[in-house]
Amino acid sequence: MAVKNSQTHTFKQSQAMSNLPPLENGDRLTRKELERRYQATTTIKKAKLIEGVVYVASPLRFEPHAKDSALVVTWL
C-alpha cells in the first residue's frame, strides 16, 4: 500500500489551479468548472452561472462616490 505525501499532493493541486484561465464575464462553463475557477481566483467577489453563461459582478467603489457627495453637500 502506497502512502501519498500530502505536501506534494497540495503543491500539485495549487500548481494546477494556477494554470487555469481567469474567470471572465461571458464564459460558457459547467457548474463544476465555474466553482473550480472561482476558488482559484482571489480578485472576484461575486460570480453567477445562468444557463451556462458566467456573469461577474463589477467591483464596487464607494470612496469616490462618497467624496463627491460630501463636496456637493458642503457646497449646497
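Me: How much area does the protein expose, and what percentage of it do carbon and sulfur atoms supply?
Reply: A word on the basis: this is a predicted model, in which local features need pLDDT of at least 70 and side-chain atom pairs count only at pLDDT 80 or more, while totals for chains, interfaces and linings use all residues. Residues are numbered from 1 along each chain as its sequence is written, and side-chain values use heavy atoms, with hydrogens and water left out. Accessible areas come from the Shrake-Rupley method with a 1.4 Å probe, and for residues only the protein chains shown count as cover. The protein exposes about 7,100 Å², and the share from carbon and sulfur atoms is 57%.

Me: Which pattern do the helices and strands follow along the sequence?
Reply: Helices (H or I, at least four residues) and strands (E, at least two) are DSSP runs, numbered from the N terminus. The protein has three helices and two strands. Read along the sequence, their pattern is α-α-β-β-α.

Me: What percentage of the residues in the protein is buried?
Reply: Buried means under 20% relative accessible area, exposed means over 50%, and partly exposed lies in between (1.4 Å probe, protein chains only). Of the 76 residues in the protein, the buried share is 14%.

Me: Which residues of helix α2 are buried, and which exposed residues sit on the face turned away from them?
Reply: Helix α2 spans residues 31-40, and its buried residues are Glu33, Leu34 and Arg37. They lie on the same side of α2 because they cover an arc of only 100 degrees around the axis, taken from the directions from the helix axis to the C-beta atoms. The face turned away from this buried side carries the exposed residues Arg31, Lys32 and Gln39.

Me: Which strands do the buried residues of α2 pack against?
Reply: Contact here means heavy atoms within 4.5 Å. Leu49, in strand β1, gives a view of this region, as it touches Leu29, Thr30, Arg31, Leu34 and Val54, not counting residues up to four places away in sequence. The buried residues of α2 pack against β1 (47-50) and β2 (53-56).

Me: In which sense do β1 and β2 pair, and which residue of β2 is the bridge partner of Leu49?
Reply: Two strands pair if DSSP finds at least two bridges between them. β1 and β2 pair in the antiparallel sense over four bridges. In one of them, Ala47 is matched with Val56, while the bridge partner of Leu49 is Val54.

Me: Which residue in the hairpin of β1 and β2 takes a positive phi?
Reply: Most residues other than glycine have a negative phi. The hairpin has two residues between its strands, and a phi near 50 degrees occurs there. That positive value belongs to a residue other than glycine, which is exposed at a relative accessible area of 78%. The residue, found in the loop between β1 and β2, is Glu51.

Me: Which residues make up the largest nonpolar core?
Reply: A nonpolar core is a set of buried Ala, Val, Leu, Ile, Met, Phe, Trp, Tyr and Cys residues joined through side-chain atoms within 4.5 Å. Val54 touches Leu23, Leu29 and Leu34, among others, not counting residues up to four places away in sequence. The largest core has five residues in all: Leu23, Leu29, Leu34, Ile44 and Val54.

Me: Which residue has a side chain joined to that of Arg37 by a polar contact?
Reply: A polar contact is a pair of N or O atoms within 3.5 Å; within protein, one must be able to donate a hydrogen and the other to accept it, and residues adjacent in sequence count only if both atoms are side-chain atoms. Arg37 counts as buried because its relative accessibility is 12%. It touches Leu20, Pro21, Pro22, Leu23, Asp27 and Leu29, not counting residues up to four places away in sequence. At 3.4 Å, the side-chain partner of Arg37 is Asp27.

Me: How far is the backbone oxygen of Arg37 from a polar atom of the side chain of Thr41?
Reply: Thr41 is placed in the loop between α2 and β1. Its C-alpha lies 7.0 Å from that of Pro22, although the two are 19 residues apart in sequence. From the backbone oxygen of Arg37 to a polar side-chain atom of Thr41, the distance is 2.8 Å.
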